[in-house]
Structure formats: C-alpha cells, structure tokens
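Subject: Structure for your files

Hello,

Here is the structure you will be working with. My notes on what was found follow below it.

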Amino acid sequence: MVALAGALLPIQAGLNTKMGKAIESPVWASLISFAVGTVAMLAYAGVSKQGFNFAELRNVPAYTWLAGILGAFYVTTIVLAFPRLGPALTFGLVVAGQLLISLVLDHFNILVQALLS
C-alpha cells in the first residue's frame, strides 16, 4: 500500500497541474484537491464507521496542527514545480528531501520522542 501511495504521487501531481493550468491558478487547484480529498475522507470515515472523541481535540498538542499546513505546502509546491521540472526531477528531489530529513529525524530520535511524549 505504501509503495502504491508513492507510485500515485506523480499521477496526482500531473492531475493537479492540469487543473491548475485549466483554471489558471495552481493555488486554487491545490485547494480544490484538498476539498475533494476532504469529501473522500469523510465518505471513507462514514463507510468504515470510524469515530473519534471530539472532546479529546483539546488535548492534541498545538504543533500537530502543522500537518495540514505542511500538506498544503507540499501539494502546492508540487503543482508549481511539476510543469517546470518534470516528473523525474520533481519526485527525485521529493525523495531526496524525504530521505535526508528521515535520516536526521531517525539519527537524533526526534520524531519518536515527539510522538511518545
């Protein structure tokens, strides 16, 4: 599943880029992509009958909300870079960045400490 998710990223980038060109706004294309993803996740949550404790949202560390900002940054950056760099260089740089930060996080045990504390 993880490999499939990775394999689908260049397709997603191409589709988002095509939408961005069609509507003449890569930023709005990213927003639309997130809106469609939100609807899809709401449908999946409903079908899978997964709930969560709304009251516990107060106890979620503030920094975890950055995940949404990071996702928006990623998708918008890809939409902007894809037509200029092409799929191979765009995702080569994505993978290089992922490997570099993963090595740093793993070496210093940063993410594990944040998740367990």
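I will start with I78, which touches A13, T17, P83, T90, F91 and V94, leaving aside residues up to four places away in sequence. Three of these neighbours, A13, F91 and V94, turn up again with I78 in the largest nonpolar core, whose remaining member is F82, for 5 residues in total. Helix 3 (residues 66-107) is the main contributor to that core, with 4 residues.

Please keep in mind that this is a predicted model. The mean pLDDT of the protein chain is 91, and 96% of its residues reach 70 or more. Of the chain's elements, helix 2 (residues 26-48) has the highest mean pLDDT, at 95, while helix 4 (residues 110-116) has the lowest, at 71. Where pLDDT is low, the predicted coordinates should not be read in detail.

Aromatic pairs

The structure holds 2 aromatic pairs. F82 and F91, both members of the core above, make up one of them: their ring centres are 6.4 Å apart and their planes stand at 70 degrees, so the pair is edge-to-face, the cut-off for that class being over 60. Both F82 and F91 are buried. In the other pair, F52 and F54, the centres are 4.3 Å apart and the planes are at 45 degrees, so this pair counts as tilted. F52 and F54 are each exposed.

Helix 2

Helix 2 has 23 residues and spans 32 Å from its first C-alpha to its last, close to the 33 Å expected at 1.5 Å a residue. K49 follows helix 2 and has a positive phi, near 55 degrees.

Which residues of helix 2 are buried? A29, S30 and S33 are. Helix 1 (2-23) and helix 3 are among what covers the buried residues of helix 2. An α-helix has 3.6 residues a turn, so residues three or four places apart point the same way.

S30 is worth a separate entry. Why does S30 count as buried? Its relative accessibility is 2%, and buried means under 20%, so S30 qualifies. The side chain of S30 makes a polar contact of 3.1 Å with the side chain of T76. Leaving aside residues up to four places away in sequence, S30 touches V75, T76 and V79.

Regards

Notes
Residues numbered from 1 in each chain as written. Predicted model: local features only at pLDDT ≥ 70, side-chain atom pairs only at ≥ 80, totals over all residues. Heavy atoms only, no water. pLDDT = per-residue confidence, 0-100. Helix = DSSP H or I, 4+ residues; strand = E, 2+ residues; numbered from the N terminus. Phe/Tyr/Trp six-rings, centres within 6.5 Å; stacked < 30°, edge-to-face > 60°. Buried < 20%, exposed > 50% of the residue type's maximum accessible area, 1.4 Å probe, protein only. Core = buried A, V, L, I, M, F, W, Y, C linked by side-chain atoms within 4.5 Å. Contact = heavy atoms within 4.5 Å. Polar contact = N/O pair within 3.5 Å; in protein donor to acceptor, adjacent residues only side chain to side chain. Expected span 1.5 Å × (residues − 1).
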